[in-house]
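Subject: Handover of a structure, with findings

Dear colleague,

Please find below the structure that I am handing over to you. My account of what was found in it follows directly after.

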Amino acid sequence: MAIKITDECINCGACEPECPNNAIYDAGAAWRFSDGTGLKGLIDFGEGNTLNAEETQAALSDDIYYIVPDKCTECVGFHDEPQCAAVCPVDCCVDDEDIRETKEELLAKKEWLHLGE
């Protein structure tokens, strides 16, 4: 699963520097797979889907901080709990019920994100 930021977010920014995958971005900020990861150049998602890791992606929210689900590992392999949730003063970093991943899948994502570092 991934973590999401709810609309109760007060845009304090406490969560952003805590993410080991650089998956958290300020409202309206563009993002890249290469930000804070070992991903570079063309990345392959399988079934013919590829993307340049340095290519800028559109912001997922223009109103509040947001988490890129494809970069979120819930801090598995880094910490015992999601660090964004641990530091959030209004408890708006919560499980994303629409994205479910096992611990093994999250560890594999961590390895993929940081391959080559």
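Is Cys 12 buried, partly exposed or exposed? Cys 12 counts as partly exposed, with a relative accessibility of 46%. Please bear in mind throughout that this is a predicted model.

Cysteines

A search for disulfides across the whole structure returns zero. Cys 9 takes part in no disulfide, and the cysteine sulfur nearest to it, that of Cys 92, lies 4.5 Å away. Because a disulfide requires two cysteine sulfur atoms within 2.5 Å, the separation of 4.5 Å between the sulfurs of Cys 9 and Cys 92 does not qualify. Cys 12 is likewise in no disulfide; its nearest cysteine sulfur belongs to Cys 88, at 6.1 Å. As to accessibility, Cys 9 counts as buried at 14%, whereas Cys 12 is partly exposed.

Salt bridges

The structure contains four salt bridges. Three of them are described here, beginning with the pair formed by Asp 35 and Arg 32. The side chains of these two residues meet at 3.2 Å, taken from N to O. Asp 35 is buried, at 13% relative accessibility, while Arg 32 is partly exposed, at 30%.

In another salt bridge, Glu 101 is joined to Lys 109, and the closest N and O atoms are 3.1 Å apart. Lys 109 is buried, with a relative accessible area of 12%; Glu 101 is partly exposed, with 21%. Given that buried means under 20% relative accessible area, Glu 101 therefore falls outside that class.

Glu 111 and Lys 110 also form a salt bridge, with 3.5 Å between the closest N and O atoms. Here Lys 110 counts as buried at 15% relative accessibility, and Glu 111 is partly exposed with a relative accessible area of 49%.

Helix H2

Both of these lysines, Lys 109 and Lys 110, are among the buried residues of helix H2, which covers residues 103–113. The others listed as buried in H2 are Leu 106 and Leu 113. When the helix is viewed down its axis, the buried residues of H2 fall within an arc of 100 degrees, so they line one face of the helix.

Thr 102 is located in the loop between strand E6 (93–96) and H2. Its relative accessible area is 39%, and Thr 102 is accordingly classed as partly exposed. The C-alpha atom of Thr 102 is 25 Å from that of Pro 17, with the two residues 85 positions apart along the chain.

Glu 74

What is the nearest side chain of opposite charge to Glu 74? That side chain is Arg 100, at 6.6 Å, and Glu 74 has no salt bridge although it is buried. Since a salt bridge needs a side-chain nitrogen of Lys or Arg within 4 Å of a carboxyl oxygen of Asp or Glu, the distance of 6.6 Å to Arg 100 does not meet the criterion. The relative accessibility of Glu 74 is 13%.

Glu 74 sits in the loop between strand E5 (66–67) and helix H1 (83–87). Setting aside neighbours within four places in sequence, Glu 74 is in contact with Met 1, Ala 2, Ile 3, Glu 81, Pro 82, Asp 95 and Leu 106. Leu 106, from that list, is one of the buried residues of H2. The phi of Glu 74 is near 55 degrees, which is a positive value in a residue other than glycine.

Further positive phi values

Asn 11, which is not a glycine, also has a positive phi, of about 55 degrees. Asn 11 lies in the loop between strand E1 (2–5) and strand E2 (24–25) and is partly exposed at 33% relative accessibility.

A positive phi of about 55 degrees is likewise found at Glu 47, in the turn of the hairpin formed by E3 and E4. Two residues lie between these strands. Strand E3 (residues 42–46) and strand E4 (residues 49–52) run antiparallel and are joined by four bridges. Within this pairing, Asp 44 has Thr 50 in E4 as its bridge partner.

Yours faithfully

Note on methods
Residues numbered from 1 in each chain as written. Predicted model: local features only at pLDDT ≥ 70, side-chain atom pairs only at ≥ 80, totals over all residues. Heavy atoms only, no water. Buried < 20%, exposed > 50% of the residue type's maximum accessible area, 1.4 Å probe, protein only. Arc of directions from axis to C-beta. Pairing = 2+ DSSP bridges. Lys, Arg positive; Asp, Glu negative; His and termini not counted. Contact = heavy atoms within 4.5 Å.
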